[in-house]
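Thanks for making time this morning. I would like to walk you through one model, beginning with a helix and ending at a metal site.

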Amino acid sequence: MDYKILMENALKGHPNRIKHTLGVKERALELGKIYAADLEVLEVASYLHDITKYWKTEDHLKLINNSFITDNIHEQMYHPISATIYAKSIGVSNPVTLEAIQYHMWGKIDMALETMILCVSDYCEKNRTFNDAKVVYQMALTDLNEAYIHMLESTIKHLKEEHITPHQDQIDTYNYYLKKENERIHDIIK
Ligand SMILES: [Fe+2]
Ligand SMILES: [Fe+2]
């Protein structure tokens, strides 16, 4: 299946989202090569990660069909879930690809390398104009974990400034990776 054509058709009318998706793919492959990740996983997950972004709420809900999930998350978080179900429906079966799509907003505890790369690429692809995108990109070239932690830190800080409560999973994931990173640094200097 040509996922690029599929994505371009699905996002027709949203040229900036197509540009963003292509930017994410480019970034993900660039980082994927540095960290010896699965490039096929990254390519497919990049193309599909925002494919349902502009669906109407009722279309997300029809596909998700699980009130436990939808009651517990903000509407903005529907698209990674519906995109994952959609990906399965068109035959994507690699669990890492599906994980990367589902958790592309902020990752998850114990995520695959490819999921972390997709999260970071989503944040720092070349069309992102905010300054932190450049900072995270530079960090990611040499230390993916550091880039990821910095990205989450900035996102949580930004949400708080906007008086939006970060999702508990986002905070838990941040704390998990921060602790892991501190332990790693401690081991190095011990
Ligand atoms: Fe997204
Ligand atoms: Fe995205």
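In helix α9, residues 131-142, the buried residues are Asp132, Ala133, Val136, Tyr137, Met139 and Ala140, where buried means under 20% relative accessible area with a 1.4 Å probe and protein chains only, and a helix is a DSSP run of H or I with at least four residues, numbered from the N terminus. An α-helix has 3.6 residues a turn, so residues three or four places apart point the same way. The cover over those buried α9 residues includes α2 (15-34), α8 (113-124) and α10 (144-161), contact being heavy atoms within 4.5 Å.

I should say that this is a predicted model, in which local features need pLDDT of at least 70 and side-chain atom pairs pLDDT 80 or more, while totals for chains, interfaces and linings use all residues. Residues are numbered from 1 along each chain as written, chains are lettered from A and ligands numbered from 1 in written order, and side-chain values use heavy atoms, without hydrogens or water.

Turning to the metal, the iron ion (ligand 2) has as protein donors His20 (NE2), His49 (NE2), Asp50 (OD) and Asp122 (OD), lying 2.2 Å from it; donors are N, O and S atoms within 2.8 Å of the metal, or 3.2 Å for Na, K and Ca, and because water is not among the atoms, sites may look incomplete. Asp50 also bridges this ion and the iron ion (ligand 1), the two lying 3.7 Å apart. His20 sits in helix α2 and Asp50 in the loop between α3 (39-48) and α4 (57-64), so the pair ties together parts 30 residues apart in sequence. His20 is buried, at 4% relative accessible area, and Asp50 is buried at 2%.

Conventions. Buried means under 20% relative accessible area, exposed over 50%, partly exposed in between (1.4 Å probe, protein chains only). Helices (H or I, at least four residues) and strands (E, at least two) are DSSP runs, numbered from the N terminus.
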